[in-house]
Structure formats: C-alpha cells, structure tokens
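Biologist: Could you take me closely through one part of this model, the salt bridges, and explain where the partners sit along the chain and how far each is shielded from solvent?

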Amino acid sequence: MAHGLNPPQQKAVNTLAGPLLVLAGAGTGKTRVVTYRIAKLIQSGIRADRILAVTFTNKAATEMQERIGELLGKKNKKQPATSTFHSHCVRVLRRQIQHLGYPRKFSIYDRGDQESLARGVLREIRVPNETLRPGDLLYFIGGWKTKCIRPADAAAIASTDKEHLAAMAYRRYQKGLKQRGAVDFDDLLLLTEELFTNFDAVRREEAALFDHLLIDEYQDTNGSQYRIVKALAQDHRNLCVVGDDDQSIYGWRGAEVEHILRFSHDWPDSTVVWLENNYRSTAEILTVANRLIAFNKKRHPKELKAARPGGKQPRIEQYPNETKEAEGVVADIARLLRQPDFEPNDFAILFRTNEQPRAFETELRRAGLPYVLIGGMSFFDRKEVRDVLAYMKMIDSPTDEVSLLRIINTPPRGLGGKSVEVLTKEAVRQGKPLWDVLGQPTVVAVLPDTAQRACEELRSLVDMFQQRFKKRPMVDAMRAMLERVDYESELQRLYDNPNDREARMAALEELANALGAYETKAKKPTLAGFLDDVALGGPDFNDEKDKQLKRNAIVLMTLHSAKGLEFPHVYMVGMEEGLLPHHRSVAVEGEAIDEERRLCYVGVTRAQDYLTLSMALTRRKWGKPRDTIPSRFLFELIGQAENPHAGNTATRQRPPGATRTQKAATPATRPPSKTRAATDLPSRRRRT
DNA sequence: GCACTGACCGTTTTT
DNA sequence: CGGTCAGTGC
C-alpha cells in the first residue's frame, strides 16, 4: 500500500510510535495520511479496536471508517473506534458518570431542552423576562462553559448586573441539570475532564482501552479537549495529532491555536512532519491563499506549494446589491451548467452568516437549479420532530420533566396552564418529579375532569410504550405512538395549508426512517441510544446530510461547515467589511480578525479550479439598504495591502495582475480601488 | 384554552 | 424585513 505518497506523507504514515505532530496545510492529503497510518498500524499488528481516532464531525468519523475499510478489505472484522470528542465522552460518561454523583442513566439536553430549563430557572428566581431572557442566560453559560468556568467561579468574575444575575442562575441551572439526571452539550466535555482529574483510577481505566490515539483537526481543540487528550495519551504516549494552525476557526468555541503551536513543547520527544504540497487547488488559487494568510502573525510560517501549476485566476465581482449578487452568481452557474463539463455538485456558494443564503435560494429556485442548504435550521429543530422526540424522551425517562412539559398538552388534552401550575407546585412542595405527582390520585382529584383524564392517559401511554419500545422494530412502536396521540389530527388542526401538513408529516416519516436506519446499524439498539445519536447529530442525521451532499445539487453553506470539503467551483459571497470580517470580530480588535482571515483562507482553499469572490456595494439590513466597504481581505489577497509580517515570503512583489485582466473581461467587476488602501478601511468602522 | 395582533429587536460561525 | 413574544379578545 502507501502508493503515491510523497516523502513527508510517508514519514507521517510510518512513524508509528510516540508523539507525532502532522502540520498539514489545506489540501495536502491529510485525510489520506491519517487513514493510511491507521491501516499501517493495524497491519503492523496493532489490534484495530485498540486504536481511537477522534475527528471533528460525525461525518468525518464515518468517512474515515469507510476509507479504512476500503484499504484493509473486508477480511478485517474489527474496526478502529472513530468518533468525535463529544461522542467519545458520552461513551466514557455512560460507563463512569456515577462517580460524579449523577444517575447512571442520564439524558443529554439539546438546545431546546436547555432553553426550557433556563426558562424555569429564571422563573424560579423571579427574574423578569426583559431583564434576562433564557437565550441570554444560555449565551452567558455557554461562554463560561467553553472557558471551563464553573458556577462558583462565574460569580467572582461577573462585572455587570446582568452577569451577576446570570451567574446566580448558572448555579441553579447546573443544579437543575444534575437533579434531572441530565447533562448539556458542554458538560459532556467538562464532566469527562472532571472525571479524569478527580479520579485517576477512572482515567487510567479509560486510557487503557486504547494503545493509539489520533486527533484530527487538532487546531480546533479547546481547553477541555486538550486536557482530555493528555489524560488519555499520557500513559502510552502514542499520540498523533493532525492539523493546520491556519485553519483554526473555532476560537469562539474555546479552541486555542496555541495548543497546536506548542505541541512539541508539551511532548518534547515528538516527531514533527510538515505537509505543504497541495494537490487540491491550482497554483493561481494557492498564490492568493498564501498571500492572504501571510497577514496573520501567530502561525507556523508555511506556504502551500502547488502540485497543479497554472490555472484560472480568481475573480472578484462587485454587484450593486445583494439581490443582484445572487442573480449574478446564479446566472454564472447556470451558464456554466449549460456546458457539458460541469454538474451541479461541482459548485459551492460559501458565506459567512446564515442570513445570507436566502437571496441565493430564491434565485436558484427561480432558475430551477437543484441546490442544498447545509446547516441552518436542522431537521431536528422542526416543531413536529421536536414534539415527537419529546414523547420518546418522556417515555425513555419520564422523570425528566422538560420533555414532559413540552408535550403535556400537545395535542391539547385539557391539561392547560392552570392545571400544570397546580401540579408543578405540588411537585415542588413534595420535592418529587412532576411525573410522580401526575400519578397521585389525591392530587389529581383537585383538577377538572378533562385534566384528570389527561393525567391518566399520559401515565398509561408511557407505561404502554416503555414496553413497546423494548421490542423490535422500534419504528412500529413509534408509529403506534403517533396513532395513539393522534398527532396527524394535531397537524391538521394547526396547519390549513395542505402542503404544509404534508411537509410536516414527511418530516415525521423521515424521523421514522432515521430510527429505522439506527436500528439496523446499531449493535444493540435502544431508545436511549437513538436519542443520544439525535442529540449528538449522530450518524443517522448525517446520512441525511450525506445524501444531500451526494444529491448532485449546488451546495450552499457557511464557511465554517465547508471545512474539510472541496469543490471545483467556489463562490465566496458577501466579501464585505462587517460580514467577512464580521463586525463583531472587528469590534474586539486583535486576534479576532486573524480568525476571520483564517476563515477566509479556509474558503479560498476549498476551491479546486475556479474561485469567484463577490460583494454587494449596498446590502439591506433590517429593511434598509446600507453602503458597504469591500472586505480588507480582498485587498490583502490581491496584493494591494501592506503586509506587516511579509518578511521572508514572496507575497509582496507580485502585482495583482490576476484581477486586473479580469476587470477587462467582466465589466461588472471593479476591484477595490488602490486609493482606498486596506489600512484605511477600518476608518468607517462603527463604534457604538 | 386558543388564535390573532402588534410591539420589539437584531445570535457569526456549531459539536 | 421577518421572527418572537406578550397581551388581547373570543
């Protein structure tokens, strides 16, 4: 095997023992190296199930699994464990969480669950809604958690009134989670870390499950992940991390580039391999990419070398407004698609924020071109899906009242706010879960007749379906459950438009499919297991996403979700100050801009053959059109900005001939004028 | 208990 | 502009 690997790649594949840092630039065959390395480990006699490979997304995990399967052939029965940090932590916690005083059977709260809990907490400490809303609270808590700040410490660092309030609520929130036997997304990492720090025996037990640990996208590890990696690898020291500091784009989630920058310091005996030969993009595209990223100060100075010389020069297009931008881009794609050389899925439209794709969707629909919008509102965020999932969660653990409260009167069964209030008060008084109170005849007797019957109905529903979900296939149980609560009538009641109803029923059908897919794939399928997968955006969800990506359609997605992908044609739209770089990053000064630049770099390096950057001269915001300023990155990547860090690189001398010639070719294009140097750009920055 | 209406406001990016 | 939410009327 290992055909066609260049020397540094071979070195990365063959260095099997000890710490190894692979600094792999964009498009340098990183994934390939990782999979080959794992295959090599297995061939050299390491048992596959003693290898743990951690990827950034579930999708990457599945893909890696498949590639390794291809490399090793069918005969290899045992598979290496590939999962994301979060999924791996779930596995650890499912085995060990009782050490932290949580019930063994805990549930994972998604965003909606968190919101309900937050709302409850705020009501409890009687915070008026306009002072601190559930969303604000979660925003604060999220911020603290990504920085590993515990409730007790949050109070100390809080400065504003709002923060103090939030810190107080944070303590309650965390207590609430524990009481309900629930963990939120951040807890998966935080609790695992806590487990490893406080219980060394547990740490050793978990670390001993594997002899080799590989971490992909290491530049995006945050503090907890960093320490979890250490905890797992410190005994065997067979740690291989792969990443590119220039593609670190998750700083806002607590990721620190420093982790990858100081790897050799943490593991002094480590081997370092640099991969700089880019096989993805043409030389023209890489020139632009290299020139741009050279503006960042804190980085391993490396330069992508093109394996594919020449190519078409990247274009910059300017449009009068965002509608025209969408029209222009779509017209361009439509034109190219009329040629036989290209397929819809050769094209990607990349943008910074989730409000941007709307205009493009309308245009694409009008042009009758197939497209997929990746991300955005998740399938699992749809009301009907959330409702049905709430039923399943309640059946799985009735004592966790968040789900119970969601569907307690959905569809309406005469158990309205008043009755629920009575029940909740009673539950609080007794210090028991709401669920228990629903079954207490003396309590229920106070309620109106319909409410009484509703309580009975809920109790018997859960009793019945707890049994039915133990039988296979679970899909049958799910359908029976929908029948029983007559959810279809609820949809008819709520939505007059038949299309709407149909779409919503279809969503439920899709959920059933996901459940079915889970059942066939999982070793021992359980309702709880399915719900875990759903919470983690697990494989069943990814199948859908994957299918979408394979659907031969134009792909619309954010720059963040584009990480790791490649397309022959890339359109980066909305290249304006305030959007890329985003105004929130502009406002904080310093390193935030560097991350925006990396984001831009990620976008540019997705392109294999053609790259088109575009901007709108005015853009509507909240109904009003406003003038825009070209993104400073445009000046930087065409070489019209002073580079303070240019130093040894060749970024400076080349004039932006690329865009010049292009200007003549496309009259609509006006590259940012020289008179407005990038250094002047921030002058219009809004300070509020 | 539920639907409708108008005031309000403006979450960057996601596992 | 468009989504959310509290308040109002049935």
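Modeller: In this predicted model, Asp244 forms a salt bridge with Lys302, and their closest N and O atoms lie 2.9 Å apart. Asp244 belongs to the loop between β7 (239-243) and α12 (257-261), while Lys302 belongs to the loop between α14 (283-293) and β10 (305-308), so the pair ties together parts that are 58 residues apart in sequence. Asp244 counts as buried because its relative accessibility is 2%, and Lys302, at 9% relative accessibility, counts as buried too, the cut-off for that term being under 20%.

Another pair that links distant parts of the chain is Arg484 with Glu457, where Arg484 lies in helix α23 (residues 474-485) and Glu457 in helix α22 (residues 449-468), 27 residues apart. Their side chains meet in a salt bridge at 3.1 Å, N to O, and here Arg484 is partly exposed, with 30% relative accessibility, as is Glu457, with 27%.

Within a single helix, the side chains of Arg204 and Asp200 meet in a salt bridge of 3.1 Å, N to O; these residues are four apart in helix α10 (residues 200-207), which means that about one helical turn separates them. Arg204 counts as partly exposed at 44% relative accessibility, and Asp200 likewise counts as partly exposed at 37%.

Beyond such pairs, Lys30, Asp216, Glu217, Asp220 and Lys563 are linked in a network of salt bridges, and a search of the whole structure finds 50 salt bridges.

How values were computed. Residues numbered from 1 in each chain as written. Chains lettered and ligands numbered in written order. Predicted model: local features only at pLDDT ≥ 70, side-chain atom pairs only at ≥ 80, totals over all residues. Heavy atoms only, no water. Salt bridge = Lys/Arg side-chain N within 4 Å of Asp/Glu carboxyl O. Helix = DSSP H or I, 4+ residues; strand = E, 2+ residues; numbered from the N terminus. Buried < 20%, exposed > 50% of the residue type's maximum accessible area, 1.4 Å probe, protein only.
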